[in-house]
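Walk through this fold from its overall layout down to single residues. Keep the sequence and the 3D view side by side as you read.

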Amino acid sequence: MKPVRQRFVLAAFAATVLVGCGQSATETAVVPLEINQGTSCSLDGMLLADYPGPKAQIHYAGQAEPDYFCDTVEMFHMFLNPEQVRAVRGIFVQDMGKADWDQPRNHWIDAKTAYYVHGSKRLGSMGPTIASFALEKDATQFAAEHGGKLFRFADITPDMVVLDGGALHDRSM
C-alpha cells in the first residue's frame with residue numbers, strides 16, 4: 001500500500017473509531033432549555049421561576065429532559081456527590097452578569113467555563129448560593145459589591161456545597 005493511501009485508510013479508521021466512542025450520528029449538540037412557570041427542581045419540586053438567584057440544569061445521556069435545579073449549590077452537590085453515576089452530556093448555569101437576580105430568565109452558559117463567586121451575601125432560592133458568571137470581570141465586580149471569593153468550576157469542592165441549609169451550624173436553634 002502506498003504511504004499516502006495508507007495514511008488515508010488509517011485516518012478513516014481513526015475517524016470511525018472516534019465516532020463509535022463519542023457521539024452517534026443521530027445525537028445532536030446539547031443546548032440549554034429555558035425554564036417556564038411550571039419548571040420544577042429535580043431535587044425538591046420547588047418552582048424555579050418563583051425564586052431568586054442562579055438556576056442550573058444537567059443534561060444526562062439517555063434522558064430527554066434535563067434535571068433542573070433551583071440553585072447552583074444543588075447542581076454542584078448532585079454533580080460532585082452523585083448517588084448514581086450517569087453520563088453528563090451538558091451542564092448549564094445562568095450568567096448573573098446579564099440575568100436579573102430576583103427573576104432570572106435565559107442567559108444560560110456552559111457551567112464548566114463559568115466563573116463562580118462563593119460566600120457572597122446574596123441569597124438564592126435555598127439561602128447562601130454560588131453566583132455564576134460568563135465573564136471574570138462580572139464575577140470580580142459582584143464579589144467586590146457582595147463579598148465572596150472567585151472560583152472556577154473545577155475548584156468547587158463537595159464541602160462547599162453541603163445541602164444541610166446551615167441548620168447544623170445554626171446556634172439559635
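**Layout of the fold**

The protein holds 3 helices and 7 strands. The coordinates are those of a predicted model. Along the sequence, the elements follow the pattern α-β-β-α-β-β-β-β-α-β. The protein has 173 residues, and 36% of them are buried. Its exposed surface comes to about 10,300 Å². Carbon and sulfur atoms supply 56% of that area. Now take the contacts with a separation of 6 or more. Residues 24 or more positions apart account for 62% of these contacts.

Next come the sheets. Strands of a sheet pair through backbone hydrogen bonds, either parallel or antiparallel.

**The four-stranded sheet**

One open sheet has 4 strands in the order E2-E1-E3-E4. Its pairing is antiparallel. Strand E2 spans 67-69 and strand E4 spans 108-110. These are the edge strands, and each pairs on one side only. From one strand to the next, the twist averages 25 degrees.

Look at the E1 and E2 pair. E1 and E2 are joined by 3 bridges in the antiparallel sense. Within this pair, Ile58 stands opposite Asp67 in E2. Helix H2 packs on this sheet and touches E1, E2 and E3. The direction of H2 makes about 160 degrees with that of E3.

**The three-stranded sheet**

Another open sheet is built from 3 strands in the order E6-E5-E7, again with antiparallel pairing. Why do strand E6 (127-133) and strand E7 (149-152) each have one side left without a neighbour in the sheet? Both stand at the edges with a single partner strand, so one side of each stays unpaired in the sheet. The twist here averages 45 degrees from one strand to the next.

Strand E5 covers residues 115-124. E5 and E7 run antiparallel and are joined by 4 bridges. The partner of His118 in E7 is Lys149. On the E6 side, E5 pairs in the antiparallel sense over 6 bridges. A hairpin of 2 residues joins E5 to E6. Tyr116 shows both pairings. Tyr116 stands opposite Ser132 in E6, and Tyr116 also stands opposite Phe151 in E7.

Which strands of this sheet does helix H2 touch? H2 (residues 72-80) packs on the sheet and touches E5 and E6. Its direction makes about 85 degrees with that of E6. Helix H3 (residues 136-146) packs on the sheet as well, touching E5, E6 and E7. The direction of H3 makes about 35 degrees with that of E5. H2 therefore has contacts in both sheets: E5 and E6 here, with 4.5 Å as the contact limit, and E1, E2 and E3 in the other sheet.

**The nonpolar cores**

Now look inside. The largest nonpolar core has 20 residues. Met75, Phe76, Val93, Tyr116, Ile130, Ile156 and Val161 touch the most other members. Strand E1 (56-60), H2 and strand E3 (88-94) each supply at least two residues of this core. H2 gives the largest share, 4 residues.

Phe76 is a good place to centre the view. Leave aside its neighbours within four places in sequence. Phe76 is then in contact with Asn81, Tyr116, Ile130, Phe153, Ile156 and Val161. Among these, Tyr116, Ile130, Ile156 and Val161 are also listed with Phe76 as core residues that touch the most other members.

A second, separate core has 10 residues. Its members include Trp101, Val117, Phe133 and Ala139.

**A glycine in strand E5**

Finish at Gly124, which lies in strand E5. Is Gly124 buried or exposed? Its relative accessibility is 10%. The limit for buried is under 20%, so Gly124 counts as buried.

What does Gly124 touch, not counting residues up to four places away in sequence? Gly124 touches Pro52, Gly53, Asp71 and Thr129. Asp71 sits 53 residues from Gly124 along the chain. The C-alpha atoms of Gly124 and Asp71 are separated by 6.4 Å.

Technical notes. Residues are numbered from 1 along each chain as its sequence is written. This is a predicted model: local features need pLDDT of at least 70, side-chain atom pairs count only at pLDDT 80 or more; totals for chains, interfaces and linings use all residues. Side-chain values use heavy atoms; hydrogens and water are left out. Two strands pair if DSSP finds at least two bridges between them. Axes are lines fitted to C-alpha atoms, for helices over the stretch in contact, and angles run from 0 to 180 degrees between N-to-C directions. Buried means under 20% relative accessible area, exposed over 50%, partly exposed in between (1.4 Å probe, protein chains only). Accessible areas come from the Shrake-Rupley method with a 1.4 Å probe; for residues, only the protein chains shown count as cover. A nonpolar core is a set of buried Ala, Val, Leu, Ile, Met, Phe, Trp, Tyr and Cys residues joined through side-chain atoms within 4.5 Å.
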